[in-house]
Amino acid sequence: MKRKITIRILLAILFALSSLFSFACQKTPEVKNFLMETKEDRDVRMKWWREARFGMFIHWGAYAVPAGTYNGKQVDGIGEWIMDKAKIPIPEYEKFVRQFNPVKFNADEWVQIAADAGMKYIVITSKHHDGFCLWDSKVSDYDIMDAAPFKRDILEELAEACKKKKIKLCFYHSIMDWHHPDAKGENFPTYREQYLKPQIKELIDNYGDLGVLWFDGEWIKEWTEEQGKDLYNYVRSLQNDIIINNRVGKGRQGMQGMNKEVGHAGDFGTPEQKIPDTGIPGVDWESCMTMNDTWGFKSFDSNWKSKETLIRYLIDIASKGGNFLLNVGPTAEGIIPEPSVTRLGAMGKWLEVNGTAIYGTTASPYGKPEWGRFTQKSGNIFAHIFEWPASASITIPDPRLEVTKAYLLADKGKQSLNTEKTESGLRINLPPTAPDPIASVVVIEY
Ligand code: H79
């Protein structure tokens, strides 16, 4: 009798314990670690991005209103930093937000400019360091709907336009925030959990499928690698196939942009205003760059890079296995500056002829020749000739290469160029003058 009761009591305790245990399990579902991923899964996820090679960065916000000038003085440095550089108090800066009324903004026109340039994705500032948001955020009054006179959801209009043109929409989002009262010091966790993360969820839920989330401002002391990994996992849990830059965590080495060591959160390195000397096999990266010296519009910055420089940068980056994210800074009216549009048009014209030697290619198999660059793709090597050699020939430094045909990509008739095997490799004889003084591409089929 006594024994039976003991068993019953024991059973009851066991039952209670087990139900408690399963309850506890339900309460804390295991957080999926997206940082553990097979190479195959990662290759599938990164495929479109690796093939794209060329994207448009758009820095746009209330800083386009002062456009580099504050209190009658031209402020040094990058335009989107004017609040910090000129030490503008929050209530003063808010006046620019109240003037931000870009009535000439036309999402279809912007996306068309990107498409005509041969760009495959757009990364726009949903929120920069100043904290002003370009969409109707439910957790903020400091946005285009609630604080500015414009009252149109810019990100929604861009998402629609991108869908029509099959351009991938991506967002730049600053972790740092100069406007939110909790975004620094001991209140930071409140900002992170009740503002930053809900905003990211809005962006993914309302404007997806997104291509990339491009974080920045991660260098603040409040941000840690642990928080970066948590944010990385959070974003992937909202959209599994999204791509996230390395500024989500603390891995990058300054403006050089690549990670210090492996194991950090983030899918690709982010050199800023720089092109690395060489690529790194197996490492994805993207150089972001301005066409003049500012990201956000400045009325008096006319230090434009030439179309020749920009086209050769794109080729140089592709030859090292990277992507090129080239910036435009539209005006407060909503216009992409004309010098930017002209340069993008020239890049698009070059890509129309030579795009096959850029899109979907991988890094040069032979390093850097003195006359230009190499890229490659499935049975083809592409020689991008910057300086047409006086000898009117180039040599592919690979004596074992069995070449079936060589021709100029600009030649619609694909007329074969004469080739000769030499000790140092395959010599290709060229016509006396370059089809394109900026870069002419020879296709070498093997
Ligand atoms: O959005 C554009 C710029 O506004 C933003 N990144 C591009 C894409 C940018 N934020 N800051 N900067 C550029 C320059 C900041 C450099 C520094 Fe640092 C921050 C120097 C010290 C802290 C870089 C990060 C070097 C060390 C940590």
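This note goes through the pockets, one helix, some unusual backbone angles and one buried glutamine of a predicted model.

1. The largest pocket is a good place to begin, and about 550 Å³ of space lies in it. Its lining is made up of 24 residues, and those that lie nearest the centre of the pocket are R42, N259, G263, H264 and G266. By character the lining of this largest pocket divides evenly, with 8 nonpolar, 8 polar and 8 charged residues.

2. As to where that lining comes from, at least two residues are supplied by each of helix 2 (39–52) and helix 8 (225–238). Helix 2 gives the largest share of the lining of the largest pocket, namely 3 residues.

3. The second largest pocket has a volume of about 380 Å³, and of the 17 residues that line this second pocket, I280, P281, G282, V283 and D284 are the closest to its centre. The lining of the second largest pocket divides into 5 nonpolar, 5 polar and 7 charged residues.

4. Helix 6, which runs over residues 154–165, has 12 residues and reaches 17 Å from its first C-alpha to its last, a span close to the 16 Å expected at 1.5 Å a residue. At the start of this helix, a side-chain oxygen of D153 comes to within 3.1 Å of the backbone nitrogen of L155, while just after helix 6 the residue K166 takes a positive phi of about 55°.

5. Which residues of helix 6 are buried? They are I154, L155, L158, A159, A161 and C162, and these buried residues pack against two helices and two strands, namely helix 5 (107–116), helix 7 (188–207), strand 4 (121–127) and strand 5 (168–174).

6. Some backbone angles deserve a reader's attention, since most residues other than glycine have a negative phi, and most peptide bonds are trans. Against that background, the peptide bond that joins G208 and D209 is cis, with an omega of about -15°, and D209 lies in the loop between helix 7 and strand 6 (212–216).

7. R53 and S378 each have a positive phi although neither is a glycine, the value being near 65° for R53 and near 20° for S378. R53 is found in the loop between helix 2 and strand 1 (54–58), whereas S378 is found in the loop between strand 10 (372–377) and strand 11 (380–385). Are these two loop residues buried or exposed? R53 has a relative accessibility of 5% and therefore counts as buried, the cut-off being under 20%, whereas S378 has a relative accessible area of 68% and is therefore exposed, the cut-off being over 50%.

8. The last point concerns Q227, a residue of helix 8, the helix that also supplies at least two residues to the lining of the largest pocket. Q227 counts as buried because its relative accessibility is 13%, where the cut-off is under 20%. What does the side chain of Q227 make a polar contact with? It makes a polar contact of 2.9 Å with the side chain of R192, and a polar atom of the side chain of Q227 also lies 2.8 Å from the backbone oxygen of E222. When residues up to four places away in sequence are not counted, Q227 touches F188, R192 and E222.

Note on methods
Residues are numbered from 1 along each chain as its sequence is written. This is a predicted model: local features need pLDDT of at least 70, side-chain atom pairs count only at pLDDT 80 or more; totals for chains, interfaces and linings use all residues. Side-chain values use heavy atoms; hydrogens and water are left out. On a 1 Å grid over the protein atoms alone, a cavity is a set of points where a 1.4 Å probe fits but cannot get out, and a pocket is an open set with protein on both sides within 12 Å along at least five of seven lines; lining residues have an atom within 4 Å of a point. Grid points are joined across faces, edges and corners, and a volume is the space filled by probe spheres set on the points. Helices (H or I, at least four residues) and strands (E, at least two) are DSSP runs, numbered from the N terminus. Ala, Val, Leu, Ile, Met, Phe, Trp, Tyr, Cys and Pro count as nonpolar, Asp, Glu, Lys and Arg as charged, and the others, Gly among them, as polar. The expected span of a helix is 1.5 Å times one less than its number of residues. Buried means under 20% relative accessible area, exposed over 50%, partly exposed in between (1.4 Å probe, protein chains only). Contact means heavy atoms within 4.5 Å. A polar contact is a pair of N or O atoms within 3.5 Å; within protein, one must be able to donate a hydrogen and the other to accept it, and residues adjacent in sequence count only if both atoms are side-chain atoms.
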